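User: I would like the labels used for this structure justified one at a time. Please set each value against its cut-off.

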There are 2 protein chains.
Amino acid sequence: MRILITNDDGILAPGIEALYQAVSDLGHVDVVAPDDSQSAIGHAISVLKPLLVRRVHVNNVFHGWSVAGRPADCVKLALIELLDERPDVVLSGINAGANAGINVLYSGTIAGAMEGALMGVPSVAFSLTLSDELDFRKAGRVARMMLEPFIAARPEPGACLSINIPPLDKGWPRGVRCCPQSPTNWEEHYEKRVDQDGHAIYWLDGSLPDHDASSETDLAAIREGYVAVTPLRANLTHWKKLGPIAEWNWPASFGQGDRTSAAD
Amino acid sequence: MRILITNDDGILAPGIEALYQAVSDLGHVDVVAPDDSQSAIGHAISVLKPLLVRRVHVNNVFHGWSVAGRPADCVKLALIELLDERPDVVLSGINAGANAGINVLYSGTIAGAMEGALMGVPSVAFSLTLSDELDFRKAGRVARMMLEPFIAARPEPGACLSINIPPLDKGWPRGVRCCPQSPTNWEEHYEKRVDQDGHAIYWLDGSLPDHDASSETDLAAIREGYVAVTPLRANLTHWKKLGPIAEWNWPASFGQGDRTSAAD
């Protein structure tokens, strides 16, 4: 089988090396990843600039393509240009920090997997919850164990899973929970400074509340020591609202002048 | 009423000025927008660097805050720090180019509105489909007419609409259609160059196919001359898949060693 690995912490990050090592016996593994950290870059792609690409050899562990771009760029470029053959699965991570709750939207790790899914390749994003010491080797073992049922299930082309691993410094995960994204938002503030020219500078800081309205969420699962599995979809349409919104009093026309004529 | 406006084309873009002018009689309008173009930046936020903020006076039309950050940063910063009072609505745009179909995921304009919705303020993203000549003044009039039923409907705090305006150089829109995001993906390729150091450089190019599997989508609506209204949601959970995925053969345990003990 052929595996493509990307991440958002950059090709030199320990999480991507651990993921490579955890899955390299499964088949042919290619690594195409950003040349530096792309945290909270979301599903950005590079349309205003070209992508510089270099082959790199990382820690005598793997060769890979280092891309001056975003995680979604890496996957797009890999599938369209760089790889000889289409991968059977795209893996993104292992991210340093959970991508659960509202963070799913901001995450470059998730976007890497989502881009794979958009291009028709089943994809998984792996994230390790922050703790005092991040044991990526252990996280790699968890990722590998989680990957097996995914592969065995022969997921459909657009399948995309986000897998969040709880902190591992307290031992192995208690088990696995399949659960939705928590809707809980961050509690945030900005630290303000004034620069030498008198301009204001704001630095974002914040935390996710450690309680959750529901215990059935990804955040609750990792807090309780479980691996959280969340299936994701790329279509943001709020289907339930389509009907009600269609009933609103939308304009029947916008102006005189037939659209097919040159009027107006 | 209080309105916050942002965009992803930057505070000097003609679309944001047109939107300001179209809605300024509705109440107090604040503008907080990126200092330069943030196209395809997705829902990125700035966590690795602070945000430089300057007050600017744009074309004798409005004062605003120019932020060295992303659209989502602008909305977050406005609501948490910059504004005296919480806005009643967040508007993002008017973007130069449709944010329909798969582009919703890549769009900074959408992310600006989505961030407002995440923070509990009803939000609308406005985008004008590209054509030979972009008439933002006319698009502003359409946006204003579309805003009235939105306000009249007293949308819930997390409501988020994407409104795509068809090309206006052929006349006014034929009407309004409420429709989902098209799942049609881009047809893409990369132009390859080699730089002076021998490194490969790839530049993304592509287009959305001008046909669609379904005529009931945002892309079909704007192609046929209608304003497309799509309700969006921030939660990416693929709810229908949760049940089936929970049936997969996930690991029952990951390793010896009690999680509550210091083992392993």
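User: In which strand is A:Leu161 found?

Analyst: The model is a predicted one. In it, A:Leu161 belongs to strand β7 of chain A, residues 160-165.

User: Why does A:Leu161 count as buried?

Analyst: A residue is buried if 20 or more other C-beta atoms lie within 10 Å of its own. A:Leu161 has 24 such neighbours, so it counts as buried.

User: Which residues is A:Leu161 in contact with, leaving aside its neighbours within four places in sequence?

Analyst: They are A:Val124, A:Phe150, A:Val229, A:Thr230 and A:Pro231. As for A:Trp65, 96 residues apart from A:Leu161 along the chain, the two C-alpha atoms are separated by 24 Å.

User: What makes α1(A) and α5(A) oblique to each other?

Analyst: The axes of α1(A), residues 14-23, and α5(A), residues 136-152, cross at roughly 45° and come within 8 Å. Angles under 35 degrees count as roughly parallel, and 65 to 115 as roughly perpendicular. The crossing angle fits neither class, and the helices are therefore oblique. The crossing is right-handed.

User: What classes of residue make up the contact of α1(A) with α5(A)?

Analyst: Nine are nonpolar, three polar and three charged. Among the residues from α1(A) are A:Pro14, A:Ala18 and A:Leu19, while those from α5(A) include A:Phe136, A:Arg137 and A:Leu147.

User: Why is α2(B) called roughly parallel to α4(B)?

Analyst: The axes of α2(B), residues 71-82, and α4(B), residues 108-118, cross at roughly 25° and come within 7 Å. The cut-off for roughly parallel is under 35 degrees, so α2(B) is roughly parallel to α4(B). The crossing is right-handed.

User: Which residues of α2(B) meet α4(B)?

Analyst: B:Pro71, B:Ala72, B:Cys74, B:Val75 and B:Lys76 do, and their partners in α4(B) include B:Gly108, B:Thr109 and B:Glu115. The contact divides into five nonpolar, four polar and two charged residues.

User: What makes helix α1 of chain B largely enclosed by the rest of the structure?

Analyst: Seven of the 10 residues in α1(B), residues 14-23, are buried, so the helix is largely enclosed. The buried ones are B:Gly15, B:Ile16, B:Glu17, B:Ala18, B:Leu19, B:Tyr20 and B:Ala22.

User: What confidence does the predictor give?

Analyst: The complex has an ipTM of 0.90 and a pTM of 0.91. For chain A the average pLDDT is 91, and 97% of the residues score at least 70.

Key:
Residues are numbered from 1 along each chain as its sequence is written. Chains are lettered from A and ligands numbered from 1 in the order in which they are written. This is a predicted model: local features need pLDDT of at least 70, side-chain atom pairs count only at pLDDT 80 or more; totals for chains, interfaces and linings use all residues. Axes are lines fitted to C-alpha atoms, for helices over the stretch in contact, and angles run from 0 to 180 degrees between N-to-C directions. Helices (H or I, at least four residues) and strands (E, at least two) are DSSP runs, numbered from the N terminus. Angles under 35 degrees count as roughly parallel, over 145 as roughly antiparallel, 65 to 115 as roughly perpendicular and the rest as oblique. A crossing is left-handed if the near helix is turned anticlockwise from the far one by less than a right angle, and right-handed if clockwise. Two residues are in contact if their C-beta atoms, placed from the backbone, lie within 7 Å. Ala, Val, Leu, Ile, Met, Phe, Trp, Tyr, Cys and Pro count as nonpolar, Asp, Glu, Lys and Arg as charged, and the others, Gly among them, as polar. pLDDT is the predictor's confidence in each residue, from 0 to 100. A residue is buried if 20 or more other C-beta atoms lie within 10 Å of its own, exposed if 12 or fewer, and partly exposed in between; C-beta atoms are placed from the backbone.
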